[in-house]
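Visitor: I'm new to this one and would rather see a single part well than everything in a rush. Could you pick one part and take me through it slowly?

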Amino acid sequence: MRRATAVAAMTWAALAGPGFAAGDGPFRDRVAPLLATRCGGCHGPATAEGGFRIDIRERAVAGGDSGAAGIVPGQPSASTLFARITTADREALMPAEGEPLSAEERTLVEDWIAAGAPWPDDLRTLPPALLPASGDDPRHKRARGHWAFQPVVRPAVPAGDGSPGNPIDSFVAARLAAAGLQPSPEADPRTLIRRVTFDLVGLPPSPEEIEAFESACRRDGGSASAYRALVDRLLASPRHGERWARHWLDVVRFAESNGFETNSARPNAWPYRDWVIAALNDDMPYDRFVRAQIAGDVWGADAATGFLVGGPWDQVKSPDPVLTATQRADELHDIVGTTASAFLGLTVGCARCHDHKFDPVSQVDYHRIKAVFAGVQHGERPLRDAAADAEREQRIAALELQVAAQAARLAEFRAAAAGALTAAGLRLPVGPQGNVDTFPAVVARWVRFTVRATTGNSEPCLDELEVFATDGTNVARAGRPTASSTLAGYDIHKLVHVNDGRYGNERSWISAEPGGGWVQIELAAPVPIERVVWSRDRSPQPRFSDRLAIRYEIAVSDDGATWRMVASDAGRMPHGPAADFAALAPEQRAEAEALAARHAATSTELEKLAAGPRGYVGTFVEPGPTHRLFRGDPMAPREEVPPGGLSQLGGSWELAGDAPEQARRQRLAEWIAASDNPLTARVIVNRLWHHHFGTGIVDTPSDLGVNGGVPSHPELLDWLAAELVSSGWRLKHVHRLIVTSRAYRQASDPRPDALAVDALDRLLWRHPPRRLEAEAIRDAILAVSGSLDTRMGGPGFDLFEPNGNYVKVYVTKEAFGADEFRRMVYQSKPRAELDAFFGAFDCPDASQVQPRRTASTTPLQALNMLNGAFLLDQAERFASRVEREVGVDPDRQVARAFLLALGRPPTPTEAGLATALVREHGLALVCRSLYNANEFITVR
Amino acid sequence: MRHHPLSAAGRHLLDRREFLQWGGTGLGGVALAALLGHDRLLTAAPPIRPVIDPAAPFAARPPHFPAKARNVLLVFCSGALSHVDTFDHKPELVRRHDTPLPIPDGGKLVTFQGEQGNLVKPLWEFRPRGESGTMTSDLLPCLGALADEMCFIHSMTARSNTHGPAENQMATGFTLDGFPSAGAWVSYALGSECSDLPAFVAIPDPRGGPQVGPRQWQSAFLPAVFQGTAFNADRPIANLARPAGISPTADRASREFIARLNDDELRRHPGDGDLAARIAAYELAARMQLAAPRIADLSGETVATLDSYGARDAANPLKARFARNCILARRLIEQGVRFVQLFNGAYAMGEGVGNWDGHKTLAKQYAVHGPILDQPLAGLLSDLKQRGLLAETLVVFVTEFGRMPTFQKGASGRDHNPAGFTVWLAGAGVRRAFHHGATDEFGYKAVTDVATIPDLHATILHLLGIDHTRLTFYHNGIERRLTDVHGHVIAPILA
């Protein structure tokens, strides 16, 4: 050891050429830091990519797995190190991440190698401090001090000009005062009720609600108590959950189709949407809301895990292993990224390929979270729900009783029918589930079943042919079958199935002759026989009734040559629907048939109920080990990574690599929803603020990280976060605080003095006016026309024409019926497809999370609102409603229409113009115009 | 006033300078907010975000540096056009016909649909074309005749071997759904030279839409105003026409009333940028109602022009309809529409039936698709050149990926091949009769000057005078770019 070192030292000293010979200063000061920072991330002690280490002199000289020398002192061109930082092949160029080395840096390395690559002994192993070890990225060290990663400490409420009881205003007033600004006066009652109603329930207030609020304000000499009552009413409305669920569904990229190429529908994805709506209506504590979505299966909230699999899923599978691995990696990436962005306001997805460039999230941390979700698969799962299950069990028990009673009564009818048949010398018609032919005992060696006619002239199918000896034995079982023909190419339809003792279509024989063919059994020995039983589908749950032999003969033979017919369809009632009870008297028959229909319906319902409700809420399997993927490449797995949290953000917990699947998600859920997690509460109160004011205290609602926005009111954000937690995580408490604040209630008029200081209104010197979102516009159109259907929950309605193509083609519906008049949150929302009308209003397509919508203004919006079939139909309905409510007088019609659409009476000029329009072109034209007024889609 | 039913407000009430100073809460808000909060990226070249006037979102905006091209015509062949049967000449493939493709590890070659059979020579003969003697196949003879205009990239690669993700990548730079298309980025950056049509128009094939449908021209997280507006010679813009049930007089009266309501509101709320933008949008909608049908009305085209595109080919109605789309594309370019995306082939009809996805019976399928594409697109290229439009228009001819030089085992067609394929450019700013990069001797994998889709996007933006690393939009924690963190301008192809 000692000797080797001595030799090495000598070699280095000897080779040290001019320029660098003057000392090892240049290496120490420039080359070593460069190599350590730019190469050490991947070629350091933690991860020796390609077997290459830059931090150990001998290893750097020796090179990596390729076998080529890393450094050949004196010969840059022969040194792989130099070749790889200068190559023109971009795939091979190092560093693999970040910018290539600058010309100066390359020259530095070149000169250093040319000078013999002097590398002093005391740096034989570069000090770890130089290396950007994973998780100890110097950027990360700084980033850990970022405000959002510090514990939430409830700040003191600033003293002074706050409205009594609402600390929000103290914080806002303090910032305004510091900027020399005054808040605006309170908005007038009409503006206020329209604003808060759209905000909290997403619908316009009715004229009656407006009037009641106005008169309450007048009566009280101010809005305070009337407004408080209004807010309470709106927060208690079931419409509230529908409104705010839409906001949340944006954040979690929820849609009801797979996305990607086929974009097939997910007909059972809606239970998650209903769960969100119910949770918000019930004011479920937010920590529970979070936990349920990550691991609801632990806490009896199965539908909630629809969150995990709410994203896109590529169903186009291929034998190509690279594609398959990439697809799986993308699925998990979606879950990891959405979880971090929705709950933690972090862009963890960046760390899929490399350590996060801004936030303290290492690539290993990313894969720790990925390991948490490694067992989550897209797909449907039964939804268990203790309360609903108990109810369901009761219902099942009741139905079972009902079915049994029906069956017993039907049996009586059948017996009576059979009796009537016998009396009339007739037999039952043939049926798929079994037919008995009895004949006087005869000794025979062969029995042949010949088909003369079938339903639909199809090739006949028999799942079993049984021949009973007088001692009751089915002697066909030991016999040998032959047939005139057998339909080729189906493993489930083979001759040997005809006497294999097994029932059902999967073990049946089909002849190759339409409407004909025969099958015969050669018995093991001649025996006396007296009965043949045959069937089409005698499985416990028969599904097939086609290919039924309706005319047939049964013959026996001693020698296989001469045949004697012993039975046939002669004497059977003709085959046909509901022929079971044909022999009964008309009244009895009607009763029996009605009962049979009820029995069938009840049985189906029972079957469905017994199968239980299902939802597209993911399935869980025990996963194998998770590996870090070099540069995110699924074909480049590196070291195994156990499930764990974000280690530099208070989530240093870690489970065993083989920890049970559910325990992983449970642990993550508990960490995220812990009251001391610095991000969770801040993120959600900021989201609430964002939707109430159009901009969050942090204007990047899903990124509170280093690269996110700077909070406009940091103390207020922390105060709200602390308030949320101490209220028991009640969101409605925070909603109430915000919308009753003076900041929220102030007028929205612009003021030049304030605009000059704070044009974006980040300090809230006025309430910012906003355009309604696509969903609120549609809901408002329906509400105003009186068409809105407020039925809640269940499968959604479709805005696209039905289409069963492999690759679903989405064609926007042009004609709408009442089914489509529910709130838009109940639209069965396809991914990556926007309907032609509302898509133009910046409706997100759920391909990506959308924590903040744009609100653009386009000519297509104008064309849709002017000429779209939906709008014109609604304008007609709006007109009919007005006429229904106030009659045919144009003045009254116009007044009513304005109140309904804009929440205010027309000005005299407007009234004059509008009544003239009504007289000349009809009321519907005025309604169309009101829908197109900017005021209709704007909240001030 | 009657002639300008919607023009009452913006003009006299809105002072642009005042408006910009006042900001707004919609588009203006987005742009301004972006200017304030997020400039803390430690890059040498900070993002350049276009400043967008909400009242005129399509107004022309300056490029980052002088542009070579004013407009882009992007031609997309849906289904993955086989490069080995069209533009990538591989003599070795002919020589080694019906022998196995050598695989380095001796393993079995498994691609998208499964195992591969032997190498199969091009199903159409290659011949030298033009003065340059560029070798192209007999499948597309009219386009071949224009080979001197073309600048080929033979070493293109895609990141996915599945149509949907690969279409996404060609359109948006990302294989995943949910990213803005190149046309949306360009409209966002540059606006348009045309005041009565959208900046970005997508022209779907007469047979239907591409596989990923409107995702090809979506704006995703960019403001919706920058999405492509889809229409073709057969199918006008949705809801463009005045409804049948409303008379012209009634329609005009209704619009005047709307304008009056909006005017009054603007008086009550002076300086409301969103409202001004809405008024402007209604004005543009009205202009579009006049301009779009005029643009799509080809009755003024001469018979000679129609015939040069094959637009009167009664024997091949699909070709004639595609030809009419090609003429429409020229008319849009003429009007200064910034970005026109022309689609050839549609997915609605299934694999290979209406598009270039020739897995099973490629010869039969391409014999149908070739003539539909060939003369009309060649006619368009020639027409652009003849009218001097090619000097300022960049034509880009792409598909989602290439096809294998082998036939699929047990079939007479070629499987997907993202490892190497050909795209070509023509017109403003690119070299003529030029070949960049190459696949291996069989046309299987790109081996020389390997190019990526982000490289292509970077090059398109470069020709438009845009630095692809600096054109950004902040979304969900990231300064997004068309080229993500990739892309290098393909310098050798620049004229």
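Guide: Let's start with a word we'll need: two residues are in contact if their C-beta atoms, placed from the backbone, lie within 7 Å. Keep in mind, too, that what you see is a predicted model. I'll pick chain B, and look at chain A mainly where it meets chain B.

Take contacts in chain B between residues at least 6 apart in sequence: 77% of these join residues at least 24 apart. Chain B has 495 residues, of which 63% are buried, and its secondary structure comes to 13 helices and 20 strands.

A good strand to start from is β6(B), residues 150–157. Eight of its eight residues are buried, so β6(B) is largely enclosed by the rest of the structure. Now look at what β6(B) pairs with. Strand β14(B), residues 421–427, pairs with β6(B) in the antiparallel sense over five bridges. Strand β15(B), residues 434–436, pairs with β6(B) too, but in the parallel sense and over three bridges. Find B:F152 and you can see both pairings from one residue: B:F152 stands opposite B:W424 in β14(B), and in β15(B) its bridge partner is B:H435. There's also β18(B), residues 451–452, which runs parallel to β6(B) and is joined to it by two bridges. To spot that link, look for B:M156, whose bridge partner in β18(B) is B:A451. While you're looking at strands, here's a handy rule: in a regular strand the side chains alternate between the two faces of the sheet.

Elsewhere in chain B there's an open sheet made of three strands, in the order β2-β3-β12, with antiparallel pairing. At its edges stand β2(B), residues 110–111, and β12(B), residues 406–408. Each of these edge strands has a single partner strand, so one side of each is left without a neighbour in the sheet. Between β2(B) and β3(B), residues 114–119, the antiparallel pairing runs over two bridges. If you'd like a landmark there, B:V110 has B:E115 in β3(B) as its bridge partner.

Next, a pair of loop residues. B:A80 sits in the loop between β1(B), residues 71–77, and α4(B), residues 91–95. Its phi is near 80°, a positive value in a residue other than glycine. Follow the chain to the loop between α4 and β2 of chain B and you'll find B:D98. B:D98 isn't a glycine either, yet it has a positive phi of about 65°. Are these two buried or exposed? A residue counts as buried with 20 or more other C-beta atoms within 10 Å of its own, and as exposed with 12 or fewer. B:A80 has 29 other C-beta atoms within 10 Å, so it is buried. B:D98 has 10 C-beta neighbours inside 10 Å and therefore counts as exposed.

Finally, let's go to where chain B meets chain A. The contact takes 64 residues from chain B and 70 residues from chain A. On the chain A side, several elements each supply at least two residues, including α14 (321–344), α28 (908–921) and α29 (923–932). The largest share comes from α25(A), with seven residues. Taken together, the residues on this side of chain A divide into 31 nonpolar, 25 polar and 14 charged.

Zoom in on α25(A) and look across to α9(B), the helix of residues 273–296. Their axes come within 8 Å and cross at roughly 75°, so the two helices are roughly perpendicular to each other. From α25(A) come A:P859, A:Q861, A:A862 and A:L863. What they meet in α9(B) is B:A281, B:Y282, B:L284, B:A285 and B:M288. Sort the residues of this helix contact by type and you get eight nonpolar, one polar and no charged.

If you wander on into chain A, stop at A:P95, in the loop between α4 (80–86) and α5 (103–114) of that chain. A cis peptide bond joins A:M94 to A:P95, with omega about -5°.

Methods: Residues numbered from 1 in each chain as written. Chains lettered and ligands numbered in written order. Helix = DSSP H or I, 4+ residues; strand = E, 2+ residues; numbered from the N terminus. Nonpolar A, V, L, I, M, F, W, Y, C, P; charged D, E, K, R; others polar. Axes fitted to C-alpha atoms, helices over the stretch in contact; angles between N-to-C directions. Parallel < 35°, antiparallel > 145°, perpendicular 65-115°, else oblique. Pairing = 2+ DSSP bridges.
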